[in-house]
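The following exercises concern a single protein chain. Please study the sequence and the structure, and then work through each solution in order.

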Amino acid sequence: MHRGLRRPGYGPQNLVICTGLAGAILVAMGATGLGSIIRFIPKPVVTGFTAGIATYIFSTQVRCGGCDG
């Protein structure tokens, strides 16, 4: 297996923790009214960030075509 494909310390249990924390932050921001600050961020910035992070996540999930494994 290619060395860069497996990282110790990351796994399903940490994914659940991270997802739960992100949800809790979103709920807290909605409950306190802090969610309205998003209107000060231009739409092209949000769109560009979302497209960029999606591209990065996709590229890290694709297996190496010439690697063993």
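**Exercise 1.** Determine the accessible surface of the chain and the share of it that belongs to carbon and sulfur atoms.

Solution. In this predicted model, the accessible surface comes to about 6300 Å². Carbon and sulfur atoms account for 70% of that surface. Of the 69 residues of the chain, 0% count as buried.

**Exercise 2.** State whether the length of helix H1 agrees or disagrees with the expected span.

Solution. The chain has two helices and zero strands. Helix H1 covers residues 12-32, which is 21 residues. The expected span is 1.5 Å times one less than the number of residues, so H1 should span 30 Å. The end C-alpha atoms of H1 are 30 Å apart, and the two values therefore agree. Just after H1, Gly33 has a positive phi of about 85 degrees.

**Exercise 3.** Classify Val45 as buried, partly exposed or exposed.

Solution. Val45 belongs to helix H2, residues 43-61. Its relative accessible area is 47%. Buried requires under 20% and exposed requires over 50%, so Val45 is partly exposed. Together with Ile38, Ile41 and Val46, Val45 makes a nonpolar surface patch of about 320 Å².

Key: Residues are numbered from 1 along each chain as its sequence is written. This is a predicted model: local features need pLDDT of at least 70, side-chain atom pairs count only at pLDDT 80 or more; totals for chains, interfaces and linings use all residues. Side-chain values use heavy atoms; hydrogens and water are left out. Patches are made of residues with over 30% relative accessible area and no salt bridge: like charges are joined within 9 Å, nonpolar side chains (Val, Leu, Ile, Met, Phe, Trp, Tyr) within 5 Å. Accessible areas come from the Shrake-Rupley method with a 1.4 Å probe; for residues, only the protein chains shown count as cover. A salt bridge is a side-chain nitrogen of Lys or Arg within 4 Å of a carboxyl oxygen of Asp or Glu. Helices (H or I, at least four residues) and strands (E, at least two) are DSSP runs, numbered from the N terminus. Buried means under 20% relative accessible area, exposed over 50%, partly exposed in between (1.4 Å probe, protein chains only).
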